[in-house]
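Please look over the sequence and the structure shown below before reading on. This report is meant for a reader who is new to them.

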Amino acid sequence: MNKRTCLFDKHEELGALISPFGGFDMPIQYSSIIEEHNAVRNHCGVFDVSHMGEVRVKGKDAQTFVNHIFTNDVTTMQPGGIQYGMMLYDNGGTVDDLLVYKMADNDYFLVINAANIDKDWQWISEHLEGYDVDAANVSDQYGQIAVQGPEAEQVVTEVLGIECAELVFYTFKTVGDVIISRTGYTGEDGFEIYGSHDYIRQCWDKLMQSKRCLPCGLGCRDTLRFEVGLPLYGDELSENITPVMAGLSMFCKLDKQEFIGKEALAQQKAEGVSRKLVGIELADKAVPRHGYTVLDADGNAVGEVTTGYRLISVEKSVCVALVDATFAKLGTPLKVQIRRKTFDGTVVKKRFYDKHYKK
């Protein structure tokens, strides 16, 4: 049986379409994916993201330990800062991508993907030996909502009574046991709020009563993140897709002393990789989907689609695909097989829509 978040009954009351995701029964949409997508792009939307996992790492060796399992460099962080990066296997494959919050010196809060909670916790636990740290999987203690869109700051301040204007992108603050961060997964300005299940339910009710933002499901969360080139674990990152293949080397600090997977990534950077993630824009309105085959101009299979959509914000049929590296250059003609037909396409940048963050 799938798990349910602390807001599950709220979604049922709103008549949401519920579907399994990452081991949870989650709302996919309430009104329509297009309406919810446009609400976030133009006004404000709120997501239940309580399915995400959280791990707390504290103690004398916390900084050293987190830096050991994480590709980015936490030694450069100040309390109140956030970094994005990955945990890797020794061969460079991705265990998960995650956010690291620096709560205080030698006190870190890791936010991990819902589908990977058990796997990530096991991975972290297996590497604790020799470090003086206290690590705990605190996923069940937190609910989380994401308030996203150009009006998010106003809504969080006026509806929830949380002062947040001083936060810049990828920073956070705490108010008692509540964490408020200026982050997001939509390409728009926005905030994530972590708190007890009761507190998150209260926040949700206030937001719904205010009519200032639309409830949004995971359907538009995917279309929003995809348009701005943000990866989804299981599609654009996996145990078989390294950060170098995914074009995410900037979040892997090869100049720091060590981290798990560093040697493999350094070798990939030096020698090149056999496959790369690219954007493909189709000349037709057909919609490519995950797993569809990508062909070269002669009809030979050279890769497969990881995510594809008919974009909502710019009305183009596009996909991201993992292809043989020789076909990764911008402007390369490729084809995508959709059912029994093939459709012409061109390699383009993976970001199909410009981000609008508050820096």
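The sections below take up two helices, a helix pair, some salt bridges and a few single residues.

## The model and helix H7

The structure is a predicted model. A good place to begin is helix H7, which spans residues 218-227. Ten of its ten residues are buried, so the rest of the structure largely encloses the helix. The buried residues of H7 are Leu218, Gly219, Cys220, Arg221, Asp222, Thr223, Leu224, Arg225, Phe226 and Glu227.

Just after H7 comes Gly229, with a positive phi of about 80°. Two members of H7, Asp222 and Arg225, belong to a network of salt bridges that also takes in Asp235 and Glu236.

## How H2 packs on H7

Two packed helices are described by the angle between their axes and by the distance between the axes. Helix H2 covers residues 33-42, and its axis comes within 8 Å of the axis of H7. The two axes cross at roughly 55°. H2 and H7 are therefore oblique to each other. Their crossing is right-handed. On the H2 side, the contact is made by Ile33, Glu36, His37, Val40 and Arg41; on the H7 side, by Gly219, Cys220, Thr223, Leu224 and Glu227. Sorted by type, the residues of this contact are four nonpolar, three polar and three charged.

An α-helix has 3.6 residues a turn, so residues three or four places apart point the same way.

## Arg41 in H2

Arg41 is located in helix H2. Is this residue, Arg41, buried or exposed? Arg41 counts as buried, because its relative accessibility is 6% and the cut-off for buried is under 20%.

Leaving aside neighbours within four places in sequence, Arg41 touches Leu224, Glu227 and Val228, and also Pro150, Thr186, Gly187, Glu188, Ser313 and Tyr353. Pro150 lies 109 residues from Arg41 along the chain, while the C-alpha atoms of the two are separated by 7.1 Å.

## Ile241 in the loop after H7

Ile241 is in the loop between H7 and helix H8, which is formed by residues 262-271. With a relative accessibility of 6%, Ile241 counts as buried. Apart from neighbours within four places in sequence, the residues in contact with Ile241 are Thr94, Asp235, Glu236, Ala246 and Leu322. Asp235 and Glu236 are also part of the salt-bridge network with Asp222 and Arg225.

Another residue to place against Ile241 is Glu304: the two are 63 residues apart in sequence, and their C-alpha atoms are 13 Å apart in space.

## Salt bridges

How many salt bridges does the structure hold? There are 17. One of them pairs Asp25 with Arg4, with 3.8 Å between the closest N and O atoms. This pair links distant parts of the chain: Asp25 is in strand S2 (residues 24-29), Arg4 is in the segment before helix H1 (8-13), and their positions lie 21 residues apart. Asp25 is buried at 14% relative accessible area, whereas Arg4 is partly exposed at 46%.

Arg182 and Glu153 form another salt bridge, with their closest N and O atoms 2.8 Å apart. They too link distant parts of the chain, being 29 residues apart. Arg182 is in the loop between strand S11 (178-181) and strand S12 (190-195), and Glu153 is in helix H5 (residues 152-158). Arg182 is buried, with 0% relative accessibility, while Glu153, at 23%, is partly exposed. Lys173 also forms a salt bridge, with Glu166, and here the closest N and O atoms are 2.9 Å apart.

## Helix H3 and its cover

Helix H3 runs over residues 62-69 and is mostly covered, with six of its eight residues buried. Those residues are Ala62, Phe65, Val66, Asn67, His68 and Ile69. Their cover includes strands S4 (53-58), S5 (82-88), S6 (94-104) and S7 (107-112), along with helix H4 (117-126).

## Positive phi outside glycine

Most residues other than glycine have a negative phi. Asn106 has a positive phi, near 55°. Asn106 belongs to the loop between S6 and S7 and is partly exposed, at 27% relative accessible area.

Lys211 is not a glycine either, and its phi is positive at about 60°. This residue is in the loop between helix H6 (197-210) and strand S13 (214-216). Lys211 counts as exposed, with 72% relative accessibility.

How values were computed. Residues are numbered from 1 along each chain as its sequence is written. This is a predicted model: local features need pLDDT of at least 70, side-chain atom pairs count only at pLDDT 80 or more; totals for chains, interfaces and linings use all residues. Side-chain values use heavy atoms; hydrogens and water are left out. Buried means under 20% relative accessible area, exposed over 50%, partly exposed in between (1.4 Å probe, protein chains only). Helices (H or I, at least four residues) and strands (E, at least two) are DSSP runs, numbered from the N terminus. A salt bridge is a side-chain nitrogen of Lys or Arg within 4 Å of a carboxyl oxygen of Asp or Glu. Axes are lines fitted to C-alpha atoms, for helices over the stretch in contact, and angles run from 0 to 180 degrees between N-to-C directions. Angles under 35 degrees count as roughly parallel, over 145 as roughly antiparallel, 65 to 115 as roughly perpendicular and the rest as oblique. A crossing is left-handed if the near helix is turned anticlockwise from the far one by less than a right angle, and right-handed if clockwise. Contact means heavy atoms within 4.5 Å. Ala, Val, Leu, Ile, Met, Phe, Trp, Tyr, Cys and Pro count as nonpolar, Asp, Glu, Lys and Arg as charged, and the others, Gly among them, as polar.
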